[in-house]
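Biologist: Please show me the model, and let us test the words used to describe it against their definitions.

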Amino acid sequence: MSADAGRAERVVYLNGAWVPESSAAISIFDSALFWGDAVFETTRSFGHEPYRLDDHLDRLAASLAAAGIQAGVTMRELADLTGELIARNAPAYAPDDDFTIVHQISPGTVARYRARGAEARASVLVFGYPLAASLADAAAWYDTGLDAVVPRQRAIPARLLDAKIKSRSRLHYQIANHQAARHGPDAWAVLEDDDGFITEGTGSNFFIVRDGQLLTSEGHHVLRGVTRDTVLTLAAELGIPAREARFDAYDTATADEAFFSTTPYVMVPVTRFNGAPLGDGRVGPVYQRLADAFSEEVGLDFIAQAKAYAARG
């Protein structure tokens with residue numbers, strides 16, 4: 001029996017109303033479906049408290065401006081809606097259930113399909129879903145590590161599409177995911193740019209450790225993740241030398257450690273690169289120091305939480 005059995009149905013905010021999750025729907029003529037131009041942010045909770053919500057909403061505002069989308073709602077209003085979302089859905093979550101919160105905005109119905117005289121109105125969605133199942137599936141990765149795989153699919157150059165805009169236009173990510181999946185269920189894609197330098201994962205940032213230094217790709221051609229920012233801040237506090245840098249597959253294959261950072265899973269170690277052991281093939285000490293510091297930062301051991309979800313079935 002699932003942990004959600006017998007609990008209240010979750011509700012979502014959709015275009016000015018709170019509706020049951022099962023009946024939430026947008027028009028088939030929404031621009032998000034036609035053009036894939038919805039922008040979004042995903043925030044996760046720790047102990048039911050959203051982590052760095054204001055930073056996620058600041059990035060959402062930047063994505064909206066860069067994409068030319070008029071949201072019709074302020075970030076302050078979205079923050080208030082987030083609090084209401086959590087309160088309304090409290091009966092749907094057990095006390096130890098953490099969840100994600102998604103804010104998604106598209107331009108709304110495509111102009112040629114709007115009723116004559118109807119004004120343009122953005123589609124605004126705020127919803128959440130539990131993390132237990134996905135974290136339970138990932139629990140073993142914190143001990144065994146992932147295989148970081150460079151797929152044939154390349155990153156889109158920043159000169160063609162700014163990677164700092166967080167949008168649903170992610171077909172190249174999905175192609176990369178399909179290519180990486182052929183290497184096994186614990187393989188995550190990490191993309192190269194046109195010059196062969198490592199950029200980011202498909203929904204994650206990527207770090208390596210070489211000669212005691214923590215390196216991550218330069219911020220101008222990747223999504224500057226909120227979790228990435230926390231990792232860099234914690235590294236500075238721990239006295240771990242860290243910097244943005246250009247590095248390639250050779251640098252990664254010969255690194256001492258590597259890991260992904262991402263909102264839902266926080267930090268996931270990498271112990272293989274393109275199928276071959278990375279470093280000594282085990283979770284490294286720099287990763288462990290940073291993971292411990294991150295757990296202290298949020299007041300919750302995120303690795304122990306994932307293992308507890310896995311244990312409860």
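The dialogue below takes up a sheet, two residues and a pocket.

Modeller: This is a predicted model, in which local features need pLDDT of at least 70 and side-chain atom pairs count only at pLDDT 80 or more, while totals for chains, interfaces and linings use all residues. Residues are numbered from 1 along each chain as its sequence is written, and side-chain values use heavy atoms, with hydrogens and water left out.

Biologist: What makes β2 and β4 edge strands?

Modeller: The open sheet has 6 strands in the order β2-β1-β6-β5-β3-β4, with antiparallel pairing. β2 (17–20) and β4 (49–50) each pair on one side only, and they are the edge strands. Strands here are DSSP runs (E, at least two residues), and helices are DSSP runs too (H or I, at least four), numbered from the N terminus.

Biologist: How do you know that β3 and β4 pair?

Modeller: Two strands pair if DSSP finds at least two bridges between them. Strand β3 (residues 39–46) is joined to β4 by 2 bridges, so the definition is met. The two strands run antiparallel, and F46 stands opposite E49 in β4. Helix α2 (residues 53–67) packs on the sheet and touches β3, β4 and β5 (99–106).

Biologist: Why is S123 called buried?

Modeller: Buried means under 20% relative accessible area, exposed over 50%, and partly exposed in between (1.4 Å probe, protein chains only). S123 has a relative accessible area of 6%, and therefore counts as buried. S123 lies in strand β6 (residues 123–130).

Biologist: What makes the pair of S123 and D30 a polar contact?

Modeller: A polar contact is a pair of N or O atoms within 3.5 Å; within protein, one must be able to donate a hydrogen and the other to accept it, and residues adjacent in sequence count only if both atoms are side-chain atoms. The side chains of S123 and D30 make such a contact at 2.4 Å, which is within the limit.

Biologist: Why is T199 called buried?

Modeller: T199 has 2% relative accessibility, so T199 is buried by the under 20% rule. T199 is found in strand β9 (residues 198–201). Among the residues that T199 touches (heavy atoms within 4.5 Å) are A155, L191 and H221.

Biologist: Which residues lie nearest the centre of the largest pocket?

Modeller: They are T202, G203, S204, T262 and P264, from a lining of 41 residues. Helix α6 (residues 171–181) gives the largest share of that lining, 5 residues.

Definitions and conventions
Axes are lines fitted to C-alpha atoms, for helices over the stretch in contact, and angles run from 0 to 180 degrees between N-to-C directions. On a 1 Å grid over the protein atoms alone, a cavity is a set of points where a 1.4 Å probe fits but cannot get out, and a pocket is an open set with protein on both sides within 12 Å along at least five of seven lines; lining residues have an atom within 4 Å of a point. Lists of a residue's contacts leave out its neighbours within four places in sequence.
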